[in-house]
2 protein chains.
Amino acid sequence: MSEGLFGAIEAGGTKFRVAIARGRDVIADTTIPTRTPHETLTATIEFLRTWEDIRSVGIACFGPLDLDPASPSYGSITSTPKRLWEGTPVLAWVRDALGIPGAIDIDVGGAALGEWRWGAARGLDHFVYVTVGTGIGAGLFIDGAVHHGTGHPEMGHIAMERVAGDKYPGRCPFHGACLEGLASGPAIEERWGMSAGQLSDRPEVWELEATYLARALRTFTYVAAPQRVVLGGGVMQHGGLLDLVRMKLEEQLAGYVTSETLRGPLEEYVVAPAHGQDAGLIGAIALAMEAANA
Amino acid sequence: MSEGLFGAIEAGGTKFRVAIARGRDVIADTTIPTRTPHETLTATIEFLRTWEDIRSVGIACFGPLDLDPASPSYGSITSTPKRLWEGTPVLAWVRDALGIPGAIDIDVGGAALGEWRWGAARGLDHFVYVTVGTGIGAGLFIDGAVHHGTGHPEMGHIAMERVAGDKYPGRCPFHGACLEGLASGPAIEERWGMSAGQLSDRPEVWELEATYLARALRTFTYVAAPQRVVLGGGVMQHGGLLDLVRMKLEEQLAGYVTSETLRGPLEEYVVAPAHGQDAGLIGAIALAMEAANA
């Protein structure tokens with residue numbers, strides 16, 4: 001059942017996007033800054049409460065989250081540099097306040113679900129959804145569901161082979177020069193000392209970025225053997241970057257492939273998300289529908 | 001049904017181990033050198049034919065393999081540096097010659113299945129089985145089955161962050177300094193210019209090896225979020241290496257974990273296989289049982 005009204009929350013580190021959807025179509029939405037849990041969640045709940053007959057609520061949330069259904073703190077934020085939010089029981093708080101069923105997933109897991117139901121990964125059994133923006137995260141979708149495993153994947157934190165000559169130390173507070181530390185939006189700006197807008201006509205910037213992303217995609221490919229990689233996020237808005245990543249990934253694989261999908265030019269293998277910057281919110285709608293049918 | 005006689009084949013690049021099992025217990029076995037497909041498969045089939053009432057046959061085979069059940073070449077070897085074997089329909093050949101049901105998986109997939117049924121990964125939902133020997137391979141087990149995806153994982157070929165000062169170029173014919181290129185048994189011997197036996201009391205050798213393996217395990221951990229990593233193969237027989245890998249993996253994760261399992265000292269997280277060098281053969285028995293019940 002995908003009919004009726006659903007509440008959707010894309011809970012991000014700087015803002016919450018909150019929407020009411022009829023089926024999968026957003027009919028009202030608002031943006032709330034991420035301040036204290038009390039302030040932000042109260043405003044979120046107030047917005048959703050103005051609507052009657054919401055069947056369920058879905059939350060695509062920044063993490064890390066406790067996603068073990070057997071855990072007493074299921075649906076809570078765990079250890080995060082955003083200290084105010086550590087331990088916040090996001091799912092329980094929202095669900096109990098509204099008195100309706102709810103479901104939560106990590107932001108990239110929600111986005112993956114949305115792209116699978118209505119987007120660039122429709123009908124696939126296995127794929128990876130990667131977002132490159134303020135951070136780098138990825139959702140792993142396997143056999144009809146977002147894969148969590150123990151905790152959930154944190155693909156932005158893999159160890160990276162550094163490009164020769166790149167002296168930038170990386171900015172991950174845990175790992176320094178991991179994928180996110182080297183290739184997130186803030187890392188690009190810090191490395192080159194100017195805003196992404198000012199860097200748009202500097203080919204060496206995007207050449208380097210594409211190299212790191214292609215190395216990461218090679219790793220995701222060899223570890224999880226997805227049918228497709230959906231590659232989005234703010235950084236990927238740079239014109240030509242997606243094609244550059246495809247080209248460099250083909251070089252990286254060096255012909256060592258176990259599937260015809262992986263022979264170039266990879267236009268079917270590495271694709272942009274259908275929902276662009278709305279992937280998280282659309283994913284939250286998909287999560288709400290799952291909660292309604294659970 | 002796990003009763004009766006089963007045929008099991010661990011098809012390796014240098015030798016085939018062929019066994020008859022009653023239930024999971026090997027009651028007869030032989031070793032056949034890997035020569036031409038005709039020679040080796042004929043000898044394999046002859047050995048198995050001396051037994052009557054074999055219910056089914058399982059094959060844990062070197063790869064890459066076509067594992068797409070919908071493909072006309074399902075169960076065949078695809079592109080391999082072992083040119084004589086390229087395109088060999090291993091499963092169809094053995095199954096048709098014996099006239100019994102058969103199942104095939106990549107060697108590490110079979111070994112993962114065996115460790116899950118009867119070994120170090122019993123009862124888990126998600127784990128990674130890694131073998132470090134002549135090559136480096138890994139099987140990804142998710143939700144009760146070996147995950148293949150499109151083709152199958154080839155985790156030995158991920159891009160690696162090189163250890164500062166290590167000038168060895170790597171020996172992978174495709175990628176040079178990928179995980180397998182830098183850290184397989186032959187890579188260790190080529191880098192240091194002597195046999196592994198002669199290197200056993202050189203701590204710097206194992207320090208370097210543990211660093212590469214820990215970096216790879218960090219990547220597998222962040223990509224797939226397994227409950228456990230089973231780490232075996234000939235290279236892991238070196239005394240103390242397993243502990244060194246655990247210690248260095250803890251350093252690599254740097255406290256950024258989404259599950260309590262990943263807080264040190266990782267003795268439950270990174271473990272040796274229960275079946276050691278027999279993991280592949282035991283896996284082939286498990287595959288045979290799956291074929292009998294299919």
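This passage describes a helix contact in chain A, a sheet in chain B, and several loop residues of both chains in a predicted model.

In chain B, five strands form an open sheet in the order S8-S7-S6-S9-S10, and the pairing within this sheet is mixed. The edges are taken by strand S8 (145-146) and by S10; each has a single partner strand, so one side of each is left without a neighbour in the sheet. Strands of a sheet pair through backbone hydrogen bonds, in either the parallel or the antiparallel sense. Strand S9 (residues 228-232) of chain B is joined to strand S6 (residues 126-132) of chain B by five bridges in the parallel sense. In this pairing, Phe127(B) is the residue opposite Arg228(B). S9(B) also runs parallel to strand S10 (residues 270-271) of chain B, to which it is joined by two bridges. Here Val229(B) has Val270(B) of S10(B) opposite it.

The connection from S9(B) to S10(B) involves helix H7 (residues 241-253) of chain B, and the three elements make a right-handed β-α-β unit. Another helix of chain B, H6 (residues 203-224), lies across S6, strand S7 (136-142), S9 and S10. The direction of H6(B) is at about 155 degrees to that of S6(B).

In a regular strand the side chains alternate between the two faces of the sheet. In S9(B), Arg228(B), Val230(B) and Gly232(B) point one way, whereas Val229(B) and Leu231(B) point the other way. Residues of both groups are buried. Since five of the five residues of S9(B) are buried, the strand is largely enclosed by the rest of the structure.

In chain A, helix H3 (residues 107-118) packs against helix H8 (residues 279-293) with an axis separation of 7 Å and an angle of about 80 degrees. The two helices are therefore roughly perpendicular to each other. H3(A) contributes Gly110(A), Ala111(A), Leu113(A), Gly114(A), Glu115(A), Arg117(A) and Trp118(A) to the contact. The residues of H8(A) that take part are Ala279(A), Gly280(A), Ile282(A), Gly283(A), Ile285(A), Ala286(A), Leu287(A), Met289(A) and Glu290(A). By residue class, the contact of H3(A) with H8(A) comprises nine nonpolar, four polar and three charged residues.

The loop between strand S4 (54-61) and helix H2 (90-98) of chain B contains Thr88(B). The relative accessibility of Thr88(B) is 5%, and this residue therefore counts as buried. Apart from neighbours within four places in sequence, the contacts of Thr88(B) are with Pro37(B), Leu41(B), Gly75(B), Ser76(B), Ile77(B) and Trp93(B).

The loop between S4 and H2 of chain B also holds Pro64(B). Gly63(B) and Pro64(B) are joined by a cis peptide bond with omega of about 0 degrees. In chain A, a cis peptide bond links Gly63(A) to Pro64(A), with omega of about 5 degrees. Pro64(A) is located in the loop between strand S4 (54-61) and helix H2 (90-98) of chain A.

A positive phi in a residue other than glycine occurs at Asp53(A), where the value is near 65 degrees. Asp53(A) belongs to the loop between helix H1 (37-49) and S4 of chain A, and its relative accessibility of 64% makes it count as exposed. For Asp53(B), phi is likewise positive and near 65 degrees. The loop between helix H1 (37-49) and S4 of chain B contains Asp53(B), which counts as exposed at 67% relative accessibility.

Technical notes. Residues are numbered from 1 along each chain as its sequence is written. Chains are lettered from A and ligands numbered from 1 in the order in which they are written. This is a predicted model: local features need pLDDT of at least 70, side-chain atom pairs count only at pLDDT 80 or more; totals for chains, interfaces and linings use all residues. Side-chain values use heavy atoms; hydrogens and water are left out. Axes are lines fitted to C-alpha atoms, for helices over the stretch in contact, and angles run from 0 to 180 degrees between N-to-C directions. Helices (H or I, at least four residues) and strands (E, at least two) are DSSP runs, numbered from the N terminus. Angles under 35 degrees count as roughly parallel, over 145 as roughly antiparallel, 65 to 115 as roughly perpendicular and the rest as oblique. Contact means heavy atoms within 4.5 Å. Ala, Val, Leu, Ile, Met, Phe, Trp, Tyr, Cys and Pro count as nonpolar, Asp, Glu, Lys and Arg as charged, and the others, Gly among them, as polar. Buried means under 20% relative accessible area, exposed over 50%, partly exposed in between (1.4 Å probe, protein chains only). Two strands pair if DSSP finds at least two bridges between them. A crossover is right-handed if, with the strands pointing away from the viewer, the path from the first strand over the helix to the second runs clockwise.
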